Amino acid sequence: MAENSTRYSQTKKGNEKDSPRNSSKYFHLRFIVPGDVQELAAIRDRVEKQSASMNLSDEEAYQIVSAVDETCTNIIKHAYQGKEGNIEISLKVDSERFEIEVADKGIYFDPTLNIPQEIDQEKIGRQKGGLGLFIIKKTMDDLNYRFTMSGENKLHLVKYFRSE
Amino acid sequence: MKKDNVFEITTRLEEGGIMILKIAGYVDASNINHFEQQLGEQINKGYYKIILDCSELEYLNSSALGIILDFHKLAAKHQGGIRLLNLSHRIESTFNMLGFNDYFLIFSEEKKAIESFNK
């Protein structure tokens with residue numbers, strides 16, 4: 001059977017009373033989308049909706065959406081290189097952090113090797129690239145890449161909630 | 001008016017050859033070429049004083065930021081530049097994070113953005 005363009009599962013956990021953040025909103029959401037630039041808007045929309053359910057600032061929510069969009073764009077461009085393939089996105093939230101894992105089965109592509117340390121506005125431009133990775137690095141607290149035994153690229157991003 | 005299935009650009013020519021481009025929607029990898037082409041078209045026509053009205057802009061990816069910066073630098077060589085109008089706080093924060101605020105003048109009033117080209 002052909003796989004649907006999106007597979008969706010969500011679980012909630014936690015106790016509403018024990019956290020300054022509403023823990024009834026803790027969630028683990030996982031979905032799979034085709035690695036296609038036409039899917040980016042729907043991906044952002046889904047991540048934005050999940051972010052909106054947390055007590056994140058508008059700026060933080062945008063940073064998370066942006067990090068996911070840039071990650072998926074890189075996968076489509078560099079890991080799949082125009083070939084068909086899926087992207088699996090996992091969003092996990094608890095009282096301390098917003099975790100994102102993005103996986104694909106394209107060619108080996110470690111984005112952490114290409115992150116510019118500084119942005120040189122004199123040299124930056126569309127063709128030079130690297131700006132998206134710089135944004136991810138700058139806005140996320142943790143950024144880890146691994147290539148799995150089953151041949152998947154997995155990028156793990158974490159944003160910790162600021163203490164209230 | 002040029003309509004795209006994901007974003008819309010409206011152009012309006014003001015006195016003094018100032019071109020106002022209103023972008024509504026989002027710019028990502030699905031429509032980045034169209035965005036670059038639209039902006040480049042104005043420059044090619046000789047409109048070097050450009051105001052990007054971002055009041056209805058929801059998302060700009062990093063490539064779009066790079067394109068805007070590139071065109072701004074190009075226009076600045078012709079005594080023009082790109083001014084940003086009504087950027088949402090979330091998009092403006094990305095500009096600031098990248099240090100782009102050193103390059104761009106950002107306005108919340110169209111009149112002031114227009115006047116900035118005459119200073």
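Buried means under 20% relative accessible area, exposed means over 50%, and partly exposed lies in between (1.4 Å probe, protein chains only). The exercises below concern a predicted model, in which local features need pLDDT of at least 70 and side-chain atom pairs count only at pLDDT 80 or more, while totals for chains, interfaces and linings use all residues. Residues are numbered from 1 along each chain as its sequence is written, chains are lettered from A and ligands numbered from 1 in the order in which they are written, and side-chain values use heavy atoms, with hydrogens and water left out.

**Exercise 1. Classify B:Glu14 and its salt-bridge partner by accessibility.**

Solution.
1. A salt bridge is a side-chain nitrogen of Lys or Arg within 4 Å of a carboxyl oxygen of Asp or Glu.
2. B:Glu14 meets B:Arg12 in such a bridge, and the closest N and O atoms are 2.6 Å apart.
3. The relative accessible area of B:Glu14 is 26%, so this residue is partly exposed.
4. B:Arg12, at 36% relative accessibility, is likewise partly exposed.

**Exercise 2. Repeat the classification for the salt bridges of B:Lys45 and B:Glu115.**

Solution.
1. B:Lys45 pairs with B:Glu41 at 3.8 Å, N to O.
2. B:Lys45 has a relative accessible area of 53% and is therefore exposed, whereas B:Glu41 is partly exposed at 31%.
3. B:Glu115 pairs with B:Lys111, with 3.5 Å between the closest N and O atoms.
4. Both B:Glu115 and B:Lys111 belong to helix α4 (residues 110-115) of chain B, where four residues, about one turn of the helix, separate them. Helices here are DSSP runs of H or I with at least four residues, strands are runs of E with at least two, and both are numbered from the N terminus.
5. B:Glu115 is partly exposed at 34% relative accessibility, and B:Lys111 is exposed at 58%.
6. Salt bridges with shared partners also link A:Asp94, A:Glu96, A:Arg97 and A:Glu99 into one network.
7. Over all chains, the structure holds 18 salt bridges. Side chains of opposite charge can pair when their charged atoms come close.

**Exercise 3. Describe the fold of chain A and explain why strand β4 is largely enclosed.**

Solution.
1. Chain A has three helices and six strands, in the order β-β-α-α-β-β-α-β-β from the N terminus.
2. Of the 164 residues in chain A, 46% are buried.
3. Strand β3 (residues 86-93) of chain A runs antiparallel to β4(A), and seven bridges join them; two strands pair if DSSP finds at least two bridges between them.
4. One bridge sets A:Glu88 opposite A:Ala103 of β4(A), and three residues lie between the two strands of this hairpin.
5. β4(A) also pairs in the antiparallel sense with strand β6 (residues 153-160) of chain A, over eight bridges. There, A:Phe98 has A:Lys159 of β6(A) as its bridge partner.
6. Six of the eight residues of β4 (residues 97-104) in chain A are buried, so the rest of the structure largely encloses this strand.

**Exercise 4. Characterise the interface of chain A and chain B.**

Solution.
1. Counting a contact as heavy atoms within 4.5 Å, 28 residues of chain A touch 29 residues of chain B.
2. The two chains bury about 2,400 Å² between them, with 53% of it on carbon and sulfur atoms; buried area is the accessible area (1.4 Å probe) that two parts lose on being put together, summed over both.
3. Three salt bridges span chain A and chain B. Among them, B:Asp28 and A:Arg44 have their closest N and O atoms 2.7 Å apart.
4. α1 (40-52), α2 (58-79) and α3 (131-139) of chain A each supply at least two residues of the side that touches chain B.
5. The largest share of that side, nine residues, comes from α2(A).

**Exercise 5. Locate B:Gly40 and state whether this residue is buried or exposed.**

Solution.
1. B:Gly40 is part of helix α1 (residues 32-44) of chain B.
2. With a relative accessible area of 8%, B:Gly40 is buried.
3. From B:Gly40 to B:Ile82 the separation is 42 residues in sequence and 12 Å in space, C-alpha to C-alpha.
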